[in-house]
Amino acid sequence: MYLLNDTPPSQAMDSLTLEHLKTSIPVAHVFDVDQRTGFMAPEPPLSRLPDFWEAWEANLDAAVESKIQLGDKVGLTDAEATASRVWRERVSQAPILSTIGLMCSPILLRRAHLVLAYTLHFYVQSLPPNEPVLIPRSISIPILHVSKKLDIPPILTFSDTVLYNWDFRPNTRSENAVPHPDTIRTQTMFTRMVDEEEFYLCSARIELRGVEILELMRVTMDETFLGDKIAVRRITDYLQTIAGVINELKALLLDVKKLCDPDVYYNQVRPWFRGEDSSENKREWVFQGVDDDPELRTPKELSGPSAGQSSIIHVFDIFLGVDHQATSPGKPSFMSRMQSYMPHNHRSFLNHLKSNPRPLRTFVMNSDDADLLAAFNHAVLALKEFRDAHMIIAALYILGPARRAAKLASRGVDHADEVTSSPSQASDSVKGTGGTDLVKFLKDTRNRTNDALIIP
């Protein structure tokens, strides 16, 4: 639904002003935000790098085909441990491939980051839990160079697992087709289990359905510059529609339960996402060779992929005036820190929104219009309820399985088929894949959302 030509019948000067404002907002290519797909790639991302980098693709293929297991899997067999060790030796002995040929192509860079990041996580998470994390040069050097060029950390991100990790399902692509929730599948996975794919696709559906809000948000921002009675009425209608779409996003989030089993996800999928700061044994990730290259620096951000890295959720917060600023001086909030994991252009888009001289919440507070106020609060409550749903999912997919895993693991290896993650990972103080205290973080974001309500 696009409202680009829906100009209010105001005075001629107001009409011209609105049209000028619409054209003055930078077009999609500046921020890599597509009118049809939002932050999702509008076309299927590259599924394989050119032949020069085939060794990277082959190493990742070998990990998936060999069904490499988690190093802290309860009941890990000798055969499984050997298969993982042999694969890691293969990766360690691989040549260090040049990244120069990637540097002028964002498409190649994104695929390279995805392949290297999945390989990195396979390598790290398949290590025995008592071994140091020494990332071999064949991975560390290229991923550090690629990540520096992309301006994102050298680790698996939300954009790797969702935004640039899809293709059309067989027989669903037509000419000029764009991705739709019912037509896409996931390209790259750790386990190839339907539970893992559904976890990724749940986020992808939210990204695609949220595109309508991006357009409604844009025209709402245009209308605030006019500020007349007609503009207020239109903004009121837009906000009611936005609230309805957010409610749909909540339903999409809860629909993950249909194909993703909580215990399978917690024990067999989620552990692969862990970053350095969500590791229970606090192992430092050492990127070998980083000190030998003057262009590279030891990475400081090594959190795993998180929904907190979804740009569209940050857009909702900025638009509705939800404040996620840090409470500790000099220390960025988790949500602010997660922006460094987003594609650079998407980050720039968020900064562009923050610079809006007429924030919507301030406009509503100054409007003295009861209907507009009610519509704004309706949208904020819808976002708060979306976060309530996120807490439900966290309890179902993380907190509950963590307790069950702890009980089963305490019974011994007879239940190894039911538990993958070790007992140390299964506790009430569970960390999110982004390294936060999960329950505290979710409650905090929900409360901050509720604080955006305007009390008459």
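**Close-up views of a predicted model**

**View 1. Glu212 sits in helix H9, which covers residues 211-226.** Everything shown in these legends comes from a predicted model. At 13% relative accessibility, Glu212 falls below the 20% limit and therefore counts as buried. Here is a pair to look for: Glu212 and Val245 are 33 residues apart in sequence, yet their C-alpha atoms are 7.8 Å apart in space.

**View 2. The largest nonpolar core has 129 residues.** Trp56, Leu102, Phe122, Leu239, Trp285, Val315 and Leu320 are the members with the most contacts inside this core. Helix H16, residues 370-410, provides the largest share of the core, with 18 residues. To explore one of these well-connected members, start at Leu320. Leaving aside residues up to four places away in sequence, Leu320 touches Leu239, Leu360, Arg361, Phe376, Ala379, Val380, Leu383 and Ala452.

**View 3. The largest cavity holds about 780 Å³ of space.** Searching the whole structure turns up four cavities of 30 Å³ or more. Around the largest cavity there are 38 lining residues, and Phe199, Ser306, Ala307, Gly308 and His390 lie nearest its centre. Which helix gives the most to this lining? H16 does, with seven residues. At least two lining residues each also come from helix H7 (158-163), helix H8 (194-209), helix H12 (311-320), helix H13 (334-338) and helix H17 (438-451). Sorted by class, the lining of the largest cavity has 24 nonpolar residues, eleven polar ones and three charged ones.

**View 4. Asp151 and Asp368 are shown here for their positive phi values.** Asp151 is not a glycine, but its phi is positive, at about 65 degrees. You will find Asp151 in the loop between helix H6 (137-150) and H7. With 36% relative accessibility, Asp151 counts as partly exposed. Asp368 also has a positive phi, near 55 degrees. Its place is in the loop between helix H15 (360-367) and H16. Is Asp368 buried or exposed? Asp368 is exposed, with a relative accessible area of 76%.

**View 5. Phe190 and Phe273 form a tilted aromatic pair.** The whole structure contains 17 aromatic pairs. In the pair of Phe190 and Phe273, the ring centres are 6.2 Å apart and the planes meet at 55 degrees. Phe190 lies in the loop between strand E3 (184-186) and H8, and Phe273 in the loop between helix H11 (262-269) and strand E4 (285-287), so this pair ties together parts that are 83 residues apart in sequence. Both partners are buried: Phe190 has 4% relative accessibility, and Phe273 has 2%.

**View 6. Tyr265 and Tyr397 make an edge-to-face pair.** Their ring centres are 6.0 Å apart and their planes stand at 75 degrees; angles over 60 count as edge-to-face, so the pair earns that label. Because Tyr265 lies in helix H11 and Tyr397 in helix H16, the pair ties together parts that are 132 residues apart in sequence. Tyr265 is buried, with a relative accessible area of 4%, and Tyr397 is buried as well, at 3%.

**View 7. One aromatic cluster takes in Phe190, Phe273, Tyr265 and Tyr397.** Joining them in this cluster are Trp87, Tyr118, Phe122, Tyr123, Phe199, Tyr200 and Trp272. Two of these names may look familiar: Phe122 is among the residues with the most contacts inside the largest nonpolar core, and Phe199 is one of those nearest the centre of the largest cavity.

Technical notes: Residues numbered from 1 in each chain as written. Predicted model: local features only at pLDDT ≥ 70, side-chain atom pairs only at ≥ 80, totals over all residues. Heavy atoms only, no water. Core = buried A, V, L, I, M, F, W, Y, C linked by side-chain atoms within 4.5 Å. Buried < 20%, exposed > 50% of the residue type's maximum accessible area, 1.4 Å probe, protein only. Helix = DSSP H or I, 4+ residues; strand = E, 2+ residues; numbered from the N terminus. Contact = heavy atoms within 4.5 Å. 1 Å grid on protein atoms, 1.4 Å probe; cavity = no way out; pocket = protein on both sides within 12 Å on 5 of 7 lines; lining within 4 Å. Points joined across faces, edges and corners; volume = space filled by probe spheres on them. Nonpolar A, V, L, I, M, F, W, Y, C, P; charged D, E, K, R; others polar. Phe/Tyr/Trp six-rings, centres within 6.5 Å; stacked < 30°, edge-to-face > 60°.
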